[in-house]
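Me: I'd like a close look at one part of this model, the strand pairing and the packing that goes with it. Could you walk me through that in one go?

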Amino acid sequence: MHHLGSFLYRQKRYFLGPLILLLGLLLAWGGGRAALAAEPPRLPEAHFRYRLDRSRVPSWVVLRQVTLVVDIGPALDVVALGDGQPVPCHYDGQRALVTTDAEEVELIVSAPQRPLEEMGSAWLAPLQDDKLWALSLTLDDGYESQATTAKEILDRYGYRATIAIIGSRIGRKINGHQYATPEQLQRVVAAGWRLSNHTYSHRHVWEFDTEEDIVRDLQRNNELIAEAVPGYRPLVFTAPYTETGFAPVIRAHLEELSLYLIQMHSSNRPRRVDSCAESECFRANGEEPYALERDRLGFDGSQFDEIHRRVNENPGTHWWLSLHSHEVGQVCDCLETAIDILYRTYGAGGTDEV
């Protein structure tokens with residue numbers, strides 16, 4: 001999500017090269033003179049510089065990349081530098097998109113066709129790479145199949161997920177179900193996956209005697225996750241049974257628990273991530289956990305069709321859909337069928353909008 005920064009300044013400079021520009025050619029003809037009209041001079045090169053202010057981004061935010069969108073217009077080429085080093089830049093003939101965690105971004109535009117004053121306006125994209133919508137996928141409970149089979153499936157498309165860990169079950173086999181070992185969890189985290197706190201005991205909120213019991217349960221789970229993956233700190237709480245009763249406790253004990261997003265309440269309602277006054281918009285202030293609804297992942301891709309419809313019916317809006325699943329089968333699992341549909345319809349194999 002990239003609406004956490006702002007621009008401090010923008011500088012422009014350009015190079016005209018040797019001033020051997022024929023601004024007008026005077027011709028003598030029969031004692032008279034005629035001026036040959038010349039096109040406005042074109043710049044061989046233009047530079048634009050932007051500083052990204054992340055002072056309002058909380059220190060606990062792990063992924064600090066933003067996508068800077070710059071209006072350039074027609075040009076021969078655009079190259080980007082982030083803190084003085086080359087960074088990827090996508091230029092579509094009109095706009096340049098730079099996704100980076102750099103503090104300062106410089107664009108070098110070769111042979112621009114617009115006047116200098118008509119180039120360079122910039123803004124931050126609501127979503128990374130200026131996509132239209134985002135999907136969060138959480139795999140509940142921490143089964144071995146999630147760290148193995150699910151990872152193999154998502155690796156095909158370059159996707160990642162979050163595994164919601166029940167600390168008391170790490171590496172154990174319970175009722176015929178094998179749970180991921182510390183080594184397996186270490187491998188998925190090294191591959192860019194995330195782990196969330198799904199409680200130590202996986203009890204309903206009403207099964208705890210006191211609020212302090214809930215806090216101790218969540219703290220114990222944080223500790224076991226850090227033992228399984230040394231140094232790892234969960235930032236997300238995934239509520240067992242999608243119960244909302246955990247949220248007030250986590251908000252009241254944020255300093256001890258350090259859980260900044262709460263996944264709860266089964267709902268197929270996506271969130272808008274643009275700035276707007278509507279209640280369904282995503283709003284995080286960095287000072288208290290944000291509660292996000294989620295829904296079970298279906299097998300037919302209809303959830304993706306719905307959010308695609310929202311994007312089309314509301315031009316200029318951007319959306320966030322949160323879905324979850326559980327143990328993953330090796331044949332015809334909903335994770336495999338749904339993600340294949342996602343990739344080929346709306347992902348890089350299709351419209352490339354997610």
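Reply: Here is a walk through one strand and its partners, then the cores, then a loop and its surroundings. Bear in mind that this is a predicted model.

Let's start with strand β9, residues 95-100. Of its 6 residues, 5 are buried, so β9 is largely enclosed by the rest of the structure. Strand β5, which covers residues 66-71, pairs with β9 in the antiparallel sense over 6 bridges. If you want a register mark for that pairing, use Thr67, which stands opposite Thr99 in β9. Strand β8 (residues 89-91) also runs antiparallel to β9, and here the pairing has 3 bridges. His90 is the handy marker this time, standing opposite Leu97 in β9. The hairpin of β8 and β9 has 3 residues between the strands, and Gly93 takes a positive phi near 95° there.

Now for the packing. The largest nonpolar core has 37 residues, and Leu195, Phe304 and Leu335 have the most contacts inside it. Several elements each supply at least two of its residues, among them β12 (133-141), α4 (211-228), α7 (302-313) and β21 (319-325). The largest share, 5 residues, comes from α8. Phe304 is worth zooming in on: leaving out residues up to four places away in sequence, Phe304 touches Trp133, Leu135, Leu297, Leu321, Leu323, Ala338, Leu342 and Tyr346. There is also a second, separate core of 22 residues, which includes Leu68, Val78, Ala80 and Leu124.

Next, have a look around β18 (261-266). Ser258 sits in the loop between α6 (254-257) and β18. Ser258 isn't a glycine, yet its phi is positive, at about 55°. With a relative accessible area of 18%, Ser267 counts as buried, and Ser258 is buried too, at 15%. In strand β18 itself you'll find His265, another non-glycine with a positive phi of about 55°. His265 is partly exposed, with a relative accessible area of 40%.

Finally, back to Ser267, which is in the loop between β18 and β19 (271-272). The Ser267 side chain reaches the backbone nitrogen of Arg269 at 3.2 Å. Setting aside neighbours within four places in sequence, Ser267 is in contact with Glu293, Arg294 and Asp295.

Notes:
Residues are numbered from 1 along each chain as its sequence is written. This is a predicted model: local features need pLDDT of at least 70, side-chain atom pairs count only at pLDDT 80 or more; totals for chains, interfaces and linings use all residues. Side-chain values use heavy atoms; hydrogens and water are left out. A nonpolar core is a set of buried Ala, Val, Leu, Ile, Met, Phe, Trp, Tyr and Cys residues joined through side-chain atoms within 4.5 Å. Buried means under 20% relative accessible area, exposed over 50%, partly exposed in between (1.4 Å probe, protein chains only). Helices (H or I, at least four residues) and strands (E, at least two) are DSSP runs, numbered from the N terminus. Contact means heavy atoms within 4.5 Å. Two strands pair if DSSP finds at least two bridges between them. A polar contact is a pair of N or O atoms within 3.5 Å; within protein, one must be able to donate a hydrogen and the other to accept it, and residues adjacent in sequence count only if both atoms are side-chain atoms.
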